[in-house]
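The following exercises are to be worked with the sequence and the model side by side. Each task is followed by a solution in steps.

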Amino acid sequence: MDFFRVMIDFGKRKRFACGCLAEITEYKRTLCPVCGIERVTPNYQQMFKDKKWNMKIFMDREHYADFLSSQIRGIVSEKTKKILIENFNNAVDFGNIEMISFRDLTEQKLQEIRNCYGYAAVKKIPNDPPQYYRLLLKQGAELDFQKTNIELTVDCSKCGRKRYATPGCSYHEGTPYIIESTWKGYDIFYIEGMGNTVFCTERFIEIYNQNKLTGLEFEKVQTV
Ligand SMILES: [Zn+2]
């Protein structure tokens with residue numbers, strides 16, 4: 001069984017549109033007194049996984065991929081949603097997104113966007129962008145921690161934070177090794193210890209190619 005790491009294709013000849021968060025807020029940073037790790041709120045990565053969150057995004061241009069590049073991974077087109085339900089219904093769930101048009105943006109909001117994303121960001125925001133959805137996935141397999149060269153370095157009882165990292169590092173370095181016998185049968189999934197990285201099977205890539213979907217690249221990972 002081969003597994004793959006799912007990565008974003010930003011567009012080879014022409015850049016794909018990026019979905020940008022329309023809620024622009026000041027981040028609050030606090031240090032946990034027990035583990036010393038910085039906590040940033042709002043935590044959009046966490047909110048993304050909450051089915052009820054009303055996420056709002058605008059597009060920075062026209063030229064739409066089926067899997068959108070965005071600050072947060074896992075945003076899919078209407079066509080992709082349908083294909084995923086047809087083929088991988090046990091693995092996927094979806095959350096809504098409110099798509100923001102250029103005409104929805106007040107002058108004050110545009111100024112906030114310029115301040116946050118840069119001047120160029122507001123120049124090509126389209127009216128009437130297509131509908132996208134948040135793709136919600138489950139944990140689908142376990143890692144061989146030793147071979148992956150990763151360990152649970154923080155497991156905080158105070159803030160609930162878990163951090164998996166390569167020893168002596170604050171992140172993971174190297175290739176993940178998936179334990180094949182722990183695979184739960186989902187063709188697209190997360191793995192505990194690999195954060196928001198998405199993994200998939202060959203069957204997922206077959207369906208992706210058959211339907212000529214766009215926006216992803218795949219990299220084979222190791223299996224034990
Ligand atoms: Zn803590």
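**Exercise 1. Overall form**

Describe the chain of this predicted model in terms of its secondary structure, its extent and its contacts.

*Solution.* Begin with the elements: the chain contains five helices and 18 strands. Next, consider the radius of gyration, which is 19 Å, close to the 17 Å given by the globule rule for 224 residues; the chain is therefore as compact as a globular protein of that length. Along the principal axes, the C-alpha atoms occupy a box of roughly 55 × 50 × 35 Å. Burial comes next: 27% of the 224 residues count as buried. Finally, among contacts with a separation of 6 or more, 78% join residues 24 or more positions apart.

**Exercise 2. The seven-stranded sheet**

Determine the strand order of the open sheet of seven strands and state which strands stand at its edges.

*Solution.* The order is β17-β1-β16-β15-β11-β14-β18, and the pairing is mixed. β17 (216-220) and β18 (222-223) are the edge strands; each has a single partner strand, so one side of each lacks a neighbour in the sheet. Helix α5 (residues 202-210) packs on this sheet and touches β1, β15, β16 and β17. The direction of helix α5 makes about 85 degrees with that of β16.

The individual pairings can now be followed through the sheet. Strand β1 (residues 3-8) pairs with β16 in the antiparallel sense over four bridges, and Phe3 has Thr201 in β16 as its bridge partner. β15 and strand β16 (residues 198-201) also run antiparallel, joined by two bridges. Across this pair, Ile188 stands opposite Cys200 and Phe189 opposite Phe199. On the pairing of β15 with strand β11 (residues 139-143), the sense is parallel, over two bridges; here Ala141 has Ile191 in β15 as its bridge partner.

The connection between β15 and β16 remains to be examined. The two strands form a hairpin with six residues between them, in which Gly193 adopts a positive phi near 105 degrees.

**Exercise 3. Side chains and the nonpolar core**

For strands β15 and β16, establish which residues point together, and whether they are buried or exposed.

*Solution.* In strand β15 (residues 188-191), Ile188 and Tyr190 point one way, while Phe189 and Ile191 point the other way. In β16, Val198 and Cys200 share one direction, and Phe199 and Thr201 take the other. All four of these residues in β15 are buried, and those named in β16 are buried as well.

These assignments may then be set beside the largest nonpolar core, which has 42 residues. The residues with the most contacts inside this core are Val76, Leu137, Ile188, Phe189, Ile191, Val198 and Phe199. For Val76, the contacts beyond four places in sequence are Asp66, Phe67, Lys81, Leu84, Tyr132, Tyr133 and Leu135.

**Exercise 4. The three-stranded sheet**

Give the order of the open sheet of three strands, then locate the helix that lies across β7, β8 and β10.

*Solution.* The order is β7-β10-β8, with antiparallel pairing. At the edges are β7 (75-77) and β8 (93-95), each of which pairs on one side only. From one strand to the next, the twist averages 50 degrees. β8 pairs with strand β10 (residues 132-136) over three bridges in the antiparallel sense; within this pair, Gly95 has Arg134 in β10 as its bridge partner. The helix sought is α2 (residues 78-88), which lies across β7, β8 and β10 and runs at about 95 degrees to β7.

**Exercise 5. A loop residue**

Place Thr25 in the chain and decide whether Thr25 is buried or exposed.

*Solution.* Thr25 belongs to the loop between β2 (18-21) and β3 (28-31). The count of other C-beta atoms within 10 Å of Thr25 is 11. A residue is exposed if this count is 12 or fewer, so Thr25 is exposed. As a last step, compare sequence and space: Thr25 and Pro42 are 17 residues apart in sequence, and their C-alpha atoms are 8.1 Å apart.

Definitions and conventions:
Residues are numbered from 1 along each chain as its sequence is written. This is a predicted model: local features need pLDDT of at least 70, side-chain atom pairs count only at pLDDT 80 or more; totals for chains, interfaces and linings use all residues. The radius of gyration is taken over C-alpha atoms; the globule rule is 2.2 Å times the number of residues to the power 0.38. A residue is buried if 20 or more other C-beta atoms lie within 10 Å of its own, exposed if 12 or fewer, and partly exposed in between; C-beta atoms are placed from the backbone. Two residues are in contact if their C-beta atoms, placed from the backbone, lie within 7 Å. Two strands pair if DSSP finds at least two bridges between them. A nonpolar core is a set of buried Ala, Val, Leu, Ile, Met, Phe, Trp, Tyr and Cys residues joined through C-beta atoms within 7 Å. Axes are lines fitted to C-alpha atoms, for helices over the stretch in contact, and angles run from 0 to 180 degrees between N-to-C directions.
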